[in-house]
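Please open the structure in your viewer and keep the sequence beside it, since this tour moves from one selection to the next and says what is found at each stop.

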Amino acid sequence: MPPLKISPSEKKKRPYLWLIVMVVLSLALITIYAREDNGGPLHSIRVAVQTTITPVGQAGKWGTTPLRDFAAWTAGLGTSRSELESLRTQNAALRAQIVELQEAAKNASAQAALGKIATATGYKGVNADVIGLPVSQWQQVIVVNAGSSKGIKVEMPVLGANGLLGQVIEVGPNYSKVRLITDQESGIASYLQNNRAQGITRGSLSGDLTMNFVSMEATVTAGDTVITSGLGGVFPKGLIIGQVSKVSKEINSLYKTIQVQPANDMAQVEKVIILTNTPPDTNNLPKPVASAGSQGGN
């Protein structure tokens with residue numbers, strides 16, 4: 001019996017068949033993942049994978065930090081390549097020590113600023129390093145190297161050196177994922193420090209931060225400080241969110257639209273503190289809490 005021959009047209013159809021199968025399988029997995037709870041098998045697989053790769057990401061960050069600092073140091077030199085080469089042998093050891101000391105000083109300063117935030121209000125916190133940045137503009141989520149082994153739980157607030165950064169949304173043994181306040185799914189009960197006008201501060205698809213539902217009668221000016229109100233119990237009261245950068249009044253609108261500049265530069269955050277408890281009485285906070293480097297309000 002002669003061997004079965006496959007016509008060229010049938011061969012061309014096979015890659016499309018595989019493509020259709022892969023698309024259907026992907027949609028099925030996405031649907032199952034979205035409907036199952038956090039303890040489901042797909043969520044467990046995701047946590048296991050993230051737990052495995054977290055040490056790799058952390059090691060990569062530690063390994064490249066000296067190289068990045070060294071490159072920044074050499075970029076400012078005005079000497080020629082030949083002069084740099086002649087000096088390299090004599091000063092290599094000294095430069096390495098300078099880089100190490102500068103990095104240690106920077107880390108110590110960041111740790112001290114974060115520690116002041118917790119100490120000033122009676123919070124307890126866990127310091128962590130950022131080991132993963134947002135993978136897309138549509139999901140403002142970072143990864144830090146502290147997880148359930150250090151007592152971290154979902155919904156715990158996360159602070160940067162100048163104020164509120166976000167909230168824990170996923171926890172593994174050695175990592176946590178933090179949704180930034182600029183994410184489109186973030187919403188914070190907040191008010192203006194100068195007149196206590198209430199509103200909701202939200203992130204957006206573009207990463208902009210706005211405060212909505214502020215009464216038209218409220219006096220709002222650029223530079224006013226926006227802080228958490230504590231309503232709803234999601235975030236504690238008295239944490240700086242940012243400063244008003246622009247105020248607009250749309251026709252026929254009942255509320256003002258307020259643009260807010262976040263207290264932290266989201267692209268520059270390297271260290272965070274995760275608050276692990278609530279003070280005995282958050283209503284008695286004397287003022288919003290942030291480091292000395294944060295901007296003040298009116």
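Is glycine 187 buried, partly exposed or exposed? Select glycine 187 with the surface shown: its relative accessible area is 34%, and because the partly exposed class lies between 20% and 50%, glycine 187 counts as partly exposed. Bear in mind from the start that what you are looking at is a predicted model.

**Around glycine 187**

Glycine 187 has its place in strand β6, which covers residues 187-192. Now add arginine 202 to the selection: the two residues are 15 apart in sequence, yet their C-alpha atoms are 4.5 Å apart in space. If you display the contacts of glycine 187 and leave out residues up to four places away in sequence, you will find Ile200, Thr201, Arg202 and Phe235.

**The whole chain**

Zoom out and colour by secondary structure, and three helices and twelve strands can be followed through the protein. Of its 298 residues, 37% are buried, while the exposed surface comes to about 17,700 Å², with 59% of that area supplied by carbon and sulfur atoms. Among the contacts between residues at least 6 apart in sequence, 60% join residues at least 24 apart.

**Colouring by confidence**

Next, colour the chain by pLDDT, for which the mean is 75, with 65% of the residues reaching 70 or more. The highest confidence is in strand β5 (residues 176-180), at a mean of 95, and the lowest is in helix α3 (residues 81-121), at 55. Select residues 101-105, where the pLDDT is below 50 and where the model shows two contacts beyond near neighbours in sequence. Then select residues 280-298, where the pLDDT is again below 50, although this stretch has 43 contacts beyond near neighbours in sequence. Where pLDDT is low, the predicted coordinates should not be read in detail.

**Into the core**

Which residues have the most contacts inside the largest nonpolar core? Select Val144, Ile152, Leu164, Leu165, Val168, Val272 and Ile274, which hold that place in a core of 39 residues. In soluble globular proteins, nonpolar side chains tend to be buried together. Centre the view on isoleucine 152 and, setting aside its neighbours within four places in sequence, show its contacts, which are Val126, Ala146, Gly147, Val168, Val171, Ser176, Ile274 and Thr276.

**A nonpolar patch on the surface**

Turn now to helix α1 (residues 8-35), where leucine 19 is found. Leucine 19 counts as exposed because its relative accessibility is 51%, and exposed means over 50%. Add Tyr16, Val23, Leu27 and Ile30 to the selection, and together with Leu19 they form a nonpolar patch on the surface, with about 540 Å² of accessible area in total.

**Charged pairs**

How many salt bridges does the protein have? The count comes to three. Side chains of opposite charge can pair when their charged atoms come close.

Begin with lysine 271 and aspartate 129, whose side chains meet in a salt bridge at 2.6 Å from N to O. This pair links distant parts of the chain, with lysine 271 in strand β12 (residues 271-275), aspartate 129 in strand β1 (residues 125-132), and their positions 142 residues apart in sequence. Both lysine 271 and aspartate 129 are buried.

Move on to arginine 179, aspartate 183 and glutamate 185, which are linked in a network of salt bridges. In this network the side chain of arginine 179 meets that of aspartate 183 at 3.5 Å, N to O, and that of glutamate 185 at 3.0 Å, N to O. With the surface switched on, aspartate 183 is buried at a relative accessible area of 3%, arginine 179 is partly exposed at 23%, and glutamate 185 is exposed at 58%.

**Two positive phi angles**

For the last stops, select glutamate 155, in the loop between β2 (141-144) and β3 (157-160), which has a positive phi of about 85 degrees although it is not a glycine. Glutamate 155 counts as exposed, at 55% relative accessibility. Then select phenylalanine 213 in strand β8 (residues 209-215), where phi is positive at about 65 degrees although this residue is not a glycine. Phenylalanine 213 is partly exposed, with a relative accessible area of 46%.

Technical notes: Residues are numbered from 1 along each chain as its sequence is written. This is a predicted model: local features need pLDDT of at least 70, side-chain atom pairs count only at pLDDT 80 or more; totals for chains, interfaces and linings use all residues. Side-chain values use heavy atoms; hydrogens and water are left out. Helices (H or I, at least four residues) and strands (E, at least two) are DSSP runs, numbered from the N terminus. Buried means under 20% relative accessible area, exposed over 50%, partly exposed in between (1.4 Å probe, protein chains only). Contact means heavy atoms within 4.5 Å. Accessible areas come from the Shrake-Rupley method with a 1.4 Å probe; for residues, only the protein chains shown count as cover. Patches are made of residues with over 30% relative accessible area and no salt bridge: like charges are joined within 9 Å, nonpolar side chains (Val, Leu, Ile, Met, Phe, Trp, Tyr) within 5 Å. A salt bridge is a side-chain nitrogen of Lys or Arg within 4 Å of a carboxyl oxygen of Asp or Glu. A nonpolar core is a set of buried Ala, Val, Leu, Ile, Met, Phe, Trp, Tyr and Cys residues joined through side-chain atoms within 4.5 Å. pLDDT is the predictor's confidence in each residue, from 0 to 100.
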